[in-house]
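Please open the model in your viewer and switch on the cartoon display. Then follow the stops below in order.

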Amino acid sequence: APPAGILPNVTGKGRAVINANAGVATSGGSAVQATLAGGGSGSITVNQGVASLINATNGHGISTNSGTSTGATTITVAGEVKAGGAGNAGIRGVSTTGAISVIVAASGKVDPDFGIALSTVSGALNVNNAGLVTGTVAGVQLGATGVGTATVSNTGTITGPIAVIGSLNGGTFTINNSGTLNGAVNVSGSNVATSFLNNAAGATANFGSVASTFSGNFNNQGIANIAAGGTVGFAGTTTNANRINFAGAGTFTTTGAMTNAGIINAQNNLTGNVVNVGGAYTGGGQFFADYSTTTVTADRLNISGSVSGTTNVTMNLVGARTLVPGGFLPVVVVAPGAAANAFTSNPMFPTSGFILDSFGQNPANNTQFGLLQQVNPAALPLGNLSFMAESASAPLDEPILPYITRRTDVGGTRFSLWMRGTSGHTRQLISTSITGSGISLSSSGEVRTVHQAIQGGADLGISLGGAWILHVGVTGGIYD
């Protein structure tokens with residue numbers, strides 16, 4: 001065996017207790033290593049003091065193996081544990097049937113390839129972290145080849161490309177997160193019905209971009225973030241009472257039912273985020289989605305089971321607004337169909353312009369909810385209305401010469417007033433047809449416009465001698 005800084009070996013029912021209140025350092029082996037041999041009910045206890053450092057250059061920081069003992073192993077970390085070398089763990093624990101518990105205090109810190117790595121056959125594995133556990137490969141790794149169980153309770157921070165990885169053989173795997181998880185969660189082989197990832201109120205689970213799969217259920221009372229390119233999958237059910245956020249293009253899948261009383265936020269100015277629900281869906285919350293009429297794509301909520309409750313869908317347009325083929329773009333798809341009010345949307349769409357967007361059920365398919373488009377009916381006849389104004393105002397453009405009085409006397413000055421008016425109505429039949437992008441619209445109607453105009457003027461004629469007369473005048477009027 002490689003050398004160790006502290007290496008107790010206990011046989012039978014004996015008990016190994018290690019209190020590391022000062023620094024322990026080794027090169028080429030575990031810094032603290034405790035082993036039980038010969039079966040029995042012996043136990044292992046390792047306590048690290050505050051501000052102490054356990055440092056293994058090329059080995060595990062703390063390594064325990066209780067063999068076939070039924071006794072428990074308890075490791076408490078209040079200082080810092082470091083371990084160098086590929087595949088080494090800050091804390092490595094092995095048992096056959098005995099329970100293993102690792103407690104990291106708020107002052108504790110663990111930082112190797114694997115922060116905490118525990119394995120058993122049929123024992124109970126427990127990690128309780130209030131400090132900082134990091135791993136360049138995984139923060140916490142728990143495995144049981146028999147009927148063993150695993151529990152991770154985190155009020156601190158667990159960080160790694162994979163925050164928690166586990167492999168069980170039908171046992172229950174539970175993650176209770178009240179702190180911060182940074183990295184994927186990959187758990188396989190656990191009992192789906194009894195295994196849960198509980199993300200408490202005020203907690204954050206940053207799943208990252210590495211694929212996450214959990215053989216169990218997701219209960220989200222806090223914040224769950226999926227990084228760009230990330231995929232998150234749960235083999236059981238999902239209950240969302242707070243927020244599930246997509247930072248970029250990603251996928252969230254729950255094989256069982258989903259209850260969404262919170263917000264699933266897929267709005268990141270990118271379309272293509274997908275939420276898949278394999279069972280029934282119960283609404284009451286919200287779904288935020290991006291859509292693009294230019295690329296004819298949108299974030300999607302796909303539901304395989306029945307739907308109850310009402311979910312509000314908030315839509316965000318990415319890019320310019322254009323007509324989509326057929327005038328409909330699906331956002332929510334419910335395989336067996338759903339009631340028309342199962343998915344609604346706040347009236348946040350523009351109410352003016354040539355193209356009007358809205359949200360609703362596909363009139364031709366009750367399994368789809370999404371973007372509905374129409375050409376603004378008010379825009380159809382506007383192109384021809386200028387003709388009416390031109391026709392009504394035409395009399396005002398006629399010459400005013402007939403209204404100027406010619407002088408009949410000789411010499412002197414003459415002043416005169418004049419006025420003219422017009423009144424009537426214009427009737428116009430307007431037929432408009434718009435075809436394109438799978439949309440065909442027609443409009444036909446009569447527009448009747450009543451109009452009146454009046455114009456008046458004053459004219460001053462001054463004789464210049466002979467047949468020459470200088471006329472000076474003003475004119476004005478109104479058109480309605």
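This tour of a predicted model goes through a run of paired strands, stop by stop.

**Stop 1: β26 and β29.** Select residues 231-234, which form strand β26, together with residues 251-254, which form strand β29. The two strands run parallel and are joined by four bridges. To see where they meet, show Phe 234 and Thr 254 of β29, which stand opposite each other.

**Stop 2: the faces of β29.** Keep β29 selected and turn on its side chains. Which residues lie on the covered face of β29, and which on the uncovered one? Phe 252 and Thr 254 make up the covered face, while Thr 251 and Thr 253 make up the uncovered face.

**Stop 3: from β29 to β32.** Add residues 274-277, strand β32. β29 pairs with β32 in the parallel sense, again through four bridges. Show Thr 251 and look in β32 for its bridge partner, Val 274.

**Stop 4: from β32 to β36.** Next select residues 300-303, strand β36. Four bridges link β32 and β36, and the pairing is parallel. Here Asn 276 stands opposite Asn 302 of β36.

**Stop 5: the faces of β36.** Show the side chains of β36. Leu 301 and Ile 303 are on the covered face of the strand; Arg 300 and Asn 302 are on the uncovered face. Asn 302 is thus a residue to revisit from the previous stop, where it faced Asn 276.

**Stop 6: from β36 to β39.** Finally, add residues 328-334, strand β39. How many bridges join β36 to β39? There are three, and the strands run parallel. Ile 303, on the covered face of β36, has Val 334 in β39 as its bridge partner.

Note on methods:
Residues are numbered from 1 along each chain as its sequence is written. This is a predicted model: local features need pLDDT of at least 70, side-chain atom pairs count only at pLDDT 80 or more; totals for chains, interfaces and linings use all residues. Side-chain values use heavy atoms; hydrogens and water are left out. Buried means under 20% relative accessible area, exposed over 50%, partly exposed in between (1.4 Å probe, protein chains only). Two strands pair if DSSP finds at least two bridges between them.
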